[in-house]
Amino acid sequence: MNKVTCNECQHEYELTHINTNLKEQLPNNIERYYIECPNCKAQYTSYYLDDDLKKVQAEIKRLQKIYPLKIKQKNKLVRLRKKILLMHNTLKAQAENTE
Ligand SMILES: [Zn+2]
């Protein structure tokens, strides 16, 4: 179902069979989440997180629990989802530059 092929060794594995929650602490309070090929241990970054991103994420989760959402809240949710994408791109660029 959820199969991935490793770019390094061509080993095929299922995401459900591996730990997808490996975490590395980077400078500036950035956390890198990654997966690791079970065969050759090559690492693939899934996403980055920092404190600001976590706050926005928490706010999104809070809004998702509300039912029904008011128009204002719906708009906010759309705005936050766009914001989080932008923030993640910035964070990614920042993290990959310091490596
Ligand atoms: Zn591999």
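Here is a walk through this structure, starting at its metal site and ending at a few backbone oddities. Keep in mind that this is a predicted model, where local features need pLDDT of at least 70 and side-chain atom pairs count only at pLDDT 80 or more, while totals for chains, interfaces and linings use all residues. Residues are numbered from 1 along each chain as its sequence is written, and side-chain values use heavy atoms, with hydrogens and water left out.

Let's begin with the zinc ion. Which residues coordinate the zinc ion? Cys-6, Cys-9, Cys-37 and Cys-40 do the job, each through its SG atom, at 2.3 to 2.4 Å. (Donors are N, O and S atoms within 2.8 Å of the metal, or 3.2 Å for Na, K and Ca; water is not among the atoms, so sites may look incomplete.) The angles among the four donor atoms run from 106 to 113°, and the site is tetrahedral; for four donors that label needs all angles between 85 and 135 degrees. Along the sequence, the donors follow the spacing C-x2-C-x27-C-x2-C. Cys-9 and Cys-37 link distant parts of the chain, 28 residues apart: Cys-9 is in the loop between strand S1 (3-5) and strand S2 (12-14), and Cys-37 is in the loop between strand S4 (30-36) and strand S5 (43-49). Those labels come from DSSP runs numbered from the N terminus: helices are H or I with at least four residues, strands are E with at least two.

Are these cysteines buried or exposed? Cys-37 counts as buried because its relative accessibility is 1%, and Cys-6 is buried with a relative accessible area of 1% as well. Cys-9, at 27%, is partly exposed. The cut-offs are under 20% relative accessible area for buried, over 50% for exposed and partly exposed in between, using a 1.4 Å probe and protein chains only.

Now for the nonpolar parts. In soluble globular proteins, nonpolar side chains tend to be buried together. A nonpolar core here is a set of buried Ala, Val, Leu, Ile, Met, Phe, Trp, Tyr and Cys residues joined through side-chain atoms within 4.5 Å. The largest one has 15 residues, and Ile-30, Tyr-48, Leu-53, Val-56 and Ile-60 have the most contacts inside it. S4, S5, helix H1 (51-65) and helix H2 (71-98) each supply at least two residues of this core, with H2 giving the largest share, six. Apart from it lies another core of six residues, among them Cys-6, Ile-18, Cys-37 and Ala-42.

Strands S4 and S5 also share a ring pair: Tyr-33 in S4 and Tyr-47 in S5, 14 residues apart. Their rings are stacked, 4.9 Å centre to centre with 15° between the planes. (Rings of Phe, Tyr and Trp, its six-membered ring, pair if their centres lie within 6.5 Å; planes under 30 degrees apart are stacked, over 60 edge-to-face and the rest tilted.) Tyr-33 is buried at 11%, whereas Tyr-47 is partly exposed at 33%.

Finally, look at the backbone. Most residues other than glycine have a negative phi, and most peptide bonds are trans. Yet the bond from Tyr-67 to Pro-68 is cis, with omega near -10°, and Pro-68 sits in the loop between H1 and H2. Asn-28 has a positive phi of about 65°, and Lys-41 has one of about 70°. Asn-28 is in the loop between strand S3 (22-26) and S4, and Lys-41 is in the loop between S4 and S5.

Conventions: Tetrahedral: all angles 85-135°; square planar, octahedral: opposite > 155°, others 65-115°.
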